[in-house]
Each structure stands twice: as structure tokens, then as C-alpha cells.
Amino acid sequence: MSAEKVLITRRVPPPAVELLREAGFAIDLCDQDDPPGRETLLARVPGAAGLVTMLSERVDGELLKAAGPSLRVVANFAVGYDNIDVAACTAAKVRVTNTPGVLTDATADLAWALILAAARRVVEGDRLVRSGQWTGWAPLQLLGLQLTGATLGLVGAGRIGTAVGLRSMGFGMRVLYSDDQVNRELEQRVGAQRLPLDQLIPAADVLSLHVPLTPQTRHLINAARLARMKATAILINTARGPVIDEAALVEALRQRRIAAAGFDVYEHEPRLTPGLAELPNAVLLPHLGSAATATRQKMSQMVAENVIAVLSGREPPNPVN
Ligand code: DGY
């Protein structure tokens with residue numbers, strides 16, 4: 001009997017390929033760093049028993065149909081799985097898995113990198129020094145937001161939101177959060193207070209987004225909510241781009257209706273909304289939240305363990321459906 005095929009849509013760090021080979025699977029690796037493209041994916045997926053996807057690959061009815069009845073598991077190399085039509089997978093009896101937990105700290109660290117960079121105008125400062133235009137220290141130069149005593153507003157307080165909130169301890173910030181659930185850890189450890197979103201927004205000096213992308217959270221931060229933010233506030237997005245109406249945000253930043261923003265994710269990723277790249281008060285990163293070597297290796301191990309479990313007839317460690 002020939003080995004079952006597992007299609008991996010991108011180069012991944014070890015040990016996923018090694019673990020899957022040791023477990024006896026035939027690996028079909030899209031040996032590149034860029035997305036394989038829809039046509040390639042549709043051409044290579046037929047006959048696969050397992051599919052390892054990245055957040056940029058859309059897994060929908062068309063892809064499932066192309067894969068055929070052999071497909072039993074889609075293991076997403078990400079904690080977010082908005083790229084996957086989970087209901088279609090369930091209907092096709094395909095298990096979906098993700099990589100929760102292992103990227104919490106890396107993503108929370110990166111959110112803080114953006115908070116500090118946007119609040120203290122780090123990238124603008126770097127550009128000024130490199131430009132050769134810097135004439136020396138000046139009392140009014142690149143003044144930013146002091147974090148000590150400021151209010152951090154967390155939109156969503158799951159694993160990553162909690163980790164971002166706990167990291168605020170060192171900065172002496174007041175923490176507010178908006179979430180369906182009470183978060184005892186944040187309340188007990190940093191005295192966080194839960195508020196409805198529309199009360200949290202005008203109170204926050206730093207508004208940081210930590211919700212998954214769902215039909216309910218698409219454009220959660222829209223023109224009306226941007227208008228309710230403080231003019232001195234900064235907005236941070238390490239969650240998913242479409243949570244913000246980016247065209248409205250570009251306008252808010254351009255007109256300085258909010259002070260600054262820091263992004264790791266984009267509404268039309270990897271394309272940028274027109275105007276965003278020209279804004280000096282936006283710090284823009286290329287979706288690096290989980291991009292720490294140790295974290296990516298743990299994600300790699302998790303996807304392999306999930307695929308192996310399902311294809312061996314066991315319950316996967318990280319099921320989505
Ligand atoms: C995720 O895991 O959802 C991140 O966005 C990519 O690591």
C-alpha cells in the first residue's frame with residue numbers, strides 16, 4: 001500500500017516535515033516561502049489525506065472538492081482559522097486543527113513592540129536620524145504618549161489579550177478590557193476592569209485588538225468608533241486586518257483624529273489600503289506576531305502532531321471542529 005500524502009503549502013521550520021516522514025507519510029511540500037497560489041493548490045491537493053495550510057490559503061468547498069474523499073485533516077499553521085470554512089470541512093468529514101497557546105507570548109511581545117514604537121514614535125525617530133536632517137535634541141521634538149499612568153484598553157481578553165494586559169504591569173498602566181467573559185486573571189493580577197466596548201473606546205489611551213476575525217468582528221473598529229477614540233490615543237492591531245475598516249482608519253490618522261497606530265495585520269493583506277504607507281504616524285510590520293524561532297518550531301510540531309493523530313484514527317490535540 002502506498003503512503004498517504006500530506007500536502008504542505010509552504011516551507012515550514014522543523015520538525016513538521018521530519019515528524020510526518022517518520023510517521024510514514026509521503027510529503028508533498030510546496031518548496032517556497034510565498035503562497036503557492038490558488039491554481040497550484042487546486043492542482044496539488046487531489047488525493048491528499050492531510051493538508052497543512054497557512055493563514056493565506058483559503059480552504060473552502062472548492063478546495064475540499066478538489067481534494068476529494070481522501071482528505072481527512074486540515075491542520076492550520078496558525079491559531080486563527082478565519083481562512084477556513086469550518087462548516088464546509090465538518091460537512092465533508094474533514095477535521096480542522098490550529099496551533100493555540102504556543103504563540104501567545106511571541107504575539108503579546110510583538111503587540112508591545114508596536115505599542116512602544118507607536119507611543120514613542122520610534123520609527124519616525126529612526127527615519128529622522130538616518131535622513132541626515134536631525135539637528136540635535138529639541139524640547140518639542142517627536143513628543144509622544146507617556147505610557148506610565150495611561151490606560152490600556154484591550155478589545156478581547158482571550159489568551160493573547162490577557163498576555164498583553166499582564167505585560168502592562170511594568171508600565172504602571174490602568175487596564176480596561178472588553179470581552180464576553182469575565183477575566184479573573186486580569187482582574188486579580190492587574191486590577192483590570194471589564195467595560196462594554198463603546199465605553200472602553202473613549203477611555204483608552206492605547207487600544208489594542210485581540211479578537212478573532214468572525215462576521216461579528218469584521219469592521220468592529222469602524223469610522224464611528226474611531227471618532228470616539230481620544231485624539232491622543234494609539235490603535236494597535238495584531239489580530240486580523242479586517243477587524244478595522246482600514247479606509248476609515250487612514251482618514252483618522254491623516255487628519256490626526258487619533259495620534260498613531262501600529263499594525264502587524266492588514267485588511268487586504270499583503271496589500272496596503274491606499275494612503276497607509278505614506279502616513280508617518282503608522283508603524284507597519286509584515287505579520288510577525290508569531291515570528292520567533294522557538295514559537296514557529298512549536299507551531300510546526302503541533303501541526304505534525306495534529307495531522308498524525310487524525311490520520312492514525314485518534315482525536316487531534318488541537319481540534320477546531
Ligand atoms: C496566527 O497564528 O493566527 C497568526 O496570525 C500567525 O501566526
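## Overall fold

Helices and strands are here taken as DSSP runs, with at least four residues for a helix (H or I) and at least two for a strand (E), numbered from the N terminus. On that basis, the protein chain of this predicted model holds twelve helices and twelve strands.

The radius of gyration of the protein chain is 21 Å, which agrees with the value near 20 Å that a compact globule of 321 residues would have. Along the principal axes, the C-alpha atoms of the chain fill a box of roughly 75 × 45 × 35 Å. Of the 321 residues, 50% are buried.

## The ligand site

Nine residues form the shell around the ligand: five are nonpolar, three are polar and one is charged. Listed by position, they are L55, A78, V79, G80, L103, R240, H287, S290 and M299.

Oxygen atoms of the ligand take part in several polar contacts. From the backbone, an N or O atom of V79 lies 2.7 Å from a ligand oxygen, and a polar backbone atom of G80 is 2.9 Å from a ligand oxygen. From a side chain, a polar atom of S290 lies 2.6 Å from an oxygen atom of the ligand. On its own the ligand has 230 Å² of accessible area, and the protein covers 89% of this.

## Helix α5

Helix α5 runs over residues 104-119, and its 16 residues should span 22 Å at 1.5 Å a residue; the C-alpha atoms at its ends are 22 Å apart, so the expected span and the model agree. After α5 comes R121, which has a positive phi, near 55 degrees.

How many of the 16 residues of α5 are buried? Twelve are, which leaves the helix mostly covered. These buried residues are T104, A106, T107, A108, L110, A111, W112, L114, I115, A117, A118 and A119. As a general point, an α-helix has 3.6 residues a turn, so residues three or four places apart point the same way.

## A91 in helix α4

Helix α4 covers residues 86-91, and A91 belongs to it. Is A91 buried or exposed? Its relative accessibility is 65%, so A91 counts as exposed, the cut-off for exposed being over 50%.

A91 can also be placed relative to P196. These two residues are 105 residues apart along the chain, and their C-alpha atoms are separated by 36 Å.

Technical notes: Residues numbered from 1 in each chain as written. Predicted model: local features only at pLDDT ≥ 70, side-chain atom pairs only at ≥ 80, totals over all residues. Heavy atoms only, no water. Near = heavy atom within 4 Å. Polar contact = N/O pair within 3.5 Å; in protein donor to acceptor, adjacent residues only side chain to side chain. Areas by Shrake-Rupley, 256 points an atom, 1.4 Å probe, with all protein chains shown as cover. Nonpolar A, V, L, I, M, F, W, Y, C, P; charged D, E, K, R; others polar. Expected span 1.5 Å × (residues − 1). Buried < 20%, exposed > 50% of the residue type's maximum accessible area, 1.4 Å probe, protein only. Rg over C-alpha atoms; globule rule 2.2 N^0.38 Å.
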